[in-house]
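Hi,

Here is the structure I promised to pass on. Have a look at it first, and my notes follow underneath.

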Amino acid sequence: MFLGGCANLSPSSQDGSPPVEDTAPAAVAKPQVYGSFSEQTLLSLLTAELAGQRNRFDIALENYIQQANETQDAGVAERGFRIAEYLGADEPALELSLIWAKNAPDNLEAQRAVAIQLARAGRYDESMTYMEKVLQGQGDTHFDFLALSAAETDPDTRAGLLQSFDRLLVKYPDNGQLLFGKALLLQQDGHPDTALQLLEDQKAATHDVAPLLLRARLLQSMKRGDEAIPLLEKGIKQHPDDKRLRLAYARLLVEQNRLDDAKVEFASLVQQFPDDDDLRFSLALVCLEAEAWQEAIGYLQDLVERNSHVDAAHFNMGRAYEELKDPNSALQEFGMVGPGNDYLPAQLRQANILFDTGRSGEASKVLADARDAQPDYAIQLYLIEAEAQSSRQRYDEAWAVIQKALKQYPDDLNLLYTRSMLAEKRNDLGQLEADLRTILSREPDNSMALNALGYTLVDRTTRYAEGRELIQKAHKLSPDDPAILDSLGWANYRTGNLDEAERLLRQALERFPDAEVAAHLGEVLWANGKQPEARKVWAAAQKEQPDNTILRETLLRLTGSEKL
C-alpha cells in the first residue's frame, strides 16, 4: 500500500503555474531504491497514505512534513511535496521542496520545483540560484514564470531580479527562456520599447508562441496594434492549431474595429473548439458590437440551452431585443437574469423600458417584487427606482421612494445622498444640507458630499466663503475629479476671480465634456469679455446635448434665446 501510494493524489497545479515534469527518459527504467526507515517512520507514512485514501489530506500532509524533516529522505519529501501542491498549500510545498532539492541535488525536477516555490514566496534571488542549476543541467527552465510572479512586487525587487537575469544572460546569451523572462520584466517596469527590441533581436521570438504573444501585446500597448496583426497572422501560419494565438488575433481584430473579420475568426474558433463556451460568448458579444442583433441572439440562445453563461446570455439578449425595438421580448429576457453581476443592470433596463412606455406602475411593482425576492439588493433597487423617477422629472414620486427606503435603511449613506439631491430639485435646501451634514459627520473626508454641499452653497446661496472652503477640501482629497474642478471654478466665478475660474473650468471641460460644465465655462468667458469664444463653447455642447436644462437656461439668460 505504501509503495503504491495514494491514487487520489495525482499531481496537479491549481493556479496555472508550470507543472513539474519528470526529466528522466521514459525508455530507461530507474533502478528501485528502497529507504531504510524506523518502525515509527513507517507507521507514520502508512497512516498518511491511509488518511489520503479517506480524503483526510490534512493528516497525510502533516505526517509527511514531520517525516521529511526527521528522515531528510528525498523520496518522502517529494511525496509530501506532491500532496502539498495538490492541496495548494504553499508554505508546506516550499518547505518540502527545499528538503527534496537539498537531498536530491542532481534531480533537475527537484531543483525546478523549489525554484518555482521560492518565486511564489517572493524569494527571487534564491529562486534564481536553483533555476540556474536546472539550466546547467540542460533541463527545461521556467524563467517566464519567475518573471511573471514578480509582477506585483515593488520596483526595487524587480530591478534586482532584472540584474540576476542579466548576470545569467552573460553566461547563456542565447537562452530563449532567459530573454523572454527579461522582456517580461522590462514590460512590467514600463519599458515596452526595450522589451520589444529585445524580442525582435531574439531568433526564437519569431517562432515560439509565448514571445510572439508578448510582442503583440507590447505593440498594442504602444498603440501599434496594426503592426501586431501581420505578426500574429504569420504566427498562426506557423502554429495553425494554437488557440492562444488565434484568440489574441481575434481580440486584436475587435480592437482594430475589424468586426466582420473578428466574427469570422471567432466563428472558426468555435467550430474548432465546440465545447468552449467562453469562445461562443465572445462571438456573441462581437456580433452585438457589429450590430448583428439576430446573429447574436442565436449564439446567446445556444448558451442558454447549454446552461452556460446563462444570466449574461439573457441580459445580452435583452439588449439585442431593445435594439430591435421589441420591448416585450427585452423585458422577458431581462426578467430571467438571476442574482449576480448582471442582475442590477437588468433591473435598471427593465425599469427604463417600462417607464419609457408609460407603464410606471408596472415598473414600480417589478422593482418592489425584486426587493422582496432579493433583499440583499434592496437598497440598490430603491436607488434605481428613485433615479428612474427623478430623471423623468417625477420628483414627488422619487421622493416617496427614497423616504420609504430610509424608513427601512435609515443609516444608509447612499440613500441619504440621493435624498439630498432630490431635496435640491424640490428647492428644499434645508433638507439637502441636513442630509449632507449627516454624511460628513460620519465620513468627514467624503469628497462627493463636500463638493455637493459646497457647490450648493456657492450656487444657490450667498454663503460663498463657506461653500468655497468645502469645495477646496474636496479638491485636496480628489484633485483630478472634473466635477470638483467645475465646482471650484464656479466658486471662483461667484467670488469674482474670473481668470482662475476660467482656468479651472477649462480643465474640467477637457476632462469631462459635459453641457453643464460648458454652460459654466461659457458664462465665465461671457463675463470676461470673450463672448465669441463663449458662443463656440456653448454651440459645441448644444450639438452634443441639445436638451440640457442648465445650458438652455444659461443661453436664455445671457443671449435671450435658448438656441444659438
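**The TPR stretch and its helices**

Over residues 482–515 the chain is 82% helix and 0% strand, with its end C-alpha atoms 13 Å apart. (Helices are DSSP runs of H or I with at least four residues, strands are runs of E with at least two, and both are numbered from the N terminus.) The UniProt record, an unreviewed entry, puts a "repeat: TPR" feature at residues 482–515; its positions are in the numbering used here, and such annotations may be inferred rather than shown by experiment.

Before you go further: this is a predicted model, where local features need pLDDT of at least 70 and side-chain atom pairs count only at pLDDT 80 or more, while totals for chains, interfaces and linings use all residues. Residues are numbered from 1 along each chain as its sequence is written, and side-chain values use heavy atoms, leaving out hydrogens and water.

Now the helix pairs. Helix α27 (residues 482–494) packs on helix α29 (residues 515–527) at an angle of about 25 degrees, and their axes are 10 Å apart. (Axes are lines fitted to C-alpha atoms over the stretch in contact, and angles run from 0 to 180 degrees between N-to-C directions.) The two are therefore roughly parallel, given that under 35 degrees counts as parallel, over 145 as antiparallel, 65 to 115 as perpendicular and the rest as oblique, each taken roughly. Asp486, Trp490 and Tyr493 of α27 meet Val517, His520, Glu523, Val524 and Ala527 of α29, where contact means heavy atoms within 4.5 Å.

Helices α11 (residues 209–221) and α12 (residues 225–238) cross at roughly 165 degrees, with axes that come within 8 Å. That makes α11 roughly antiparallel to α12. On the α11 side the contact includes Leu212, Leu213 and Leu219, and on the α12 side it includes Ala228, Leu231 and Leu232.

Helix α17 is a nice check on geometry. At 1.5 Å a residue, the 14 residues of α17 (residues 310–323) should span 20 Å, and the end C-alpha atoms are indeed 20 Å apart; the expected span is 1.5 Å times one less than the number of residues. Among its buried residues are His314, Phe315, Asn316 and Tyr321. (Buried is under 20% relative accessible area, exposed over 50%, partly exposed in between, using a 1.4 Å probe and protein chains only.) Their cover includes α15 (277–289), α16 (293–305), α18 (327–335) and α19 (343–356). After α17 comes Lys325, with a positive phi near 60 degrees.

One last residue: Gln542 sits in helix α30 (residues 531–544). Gln542 counts as buried because its relative accessibility is 13%. Leaving aside residues up to four places away in sequence, Gln542 touches Leu551, Leu555, Glu562, Lys563 and Leu564.

Cheers
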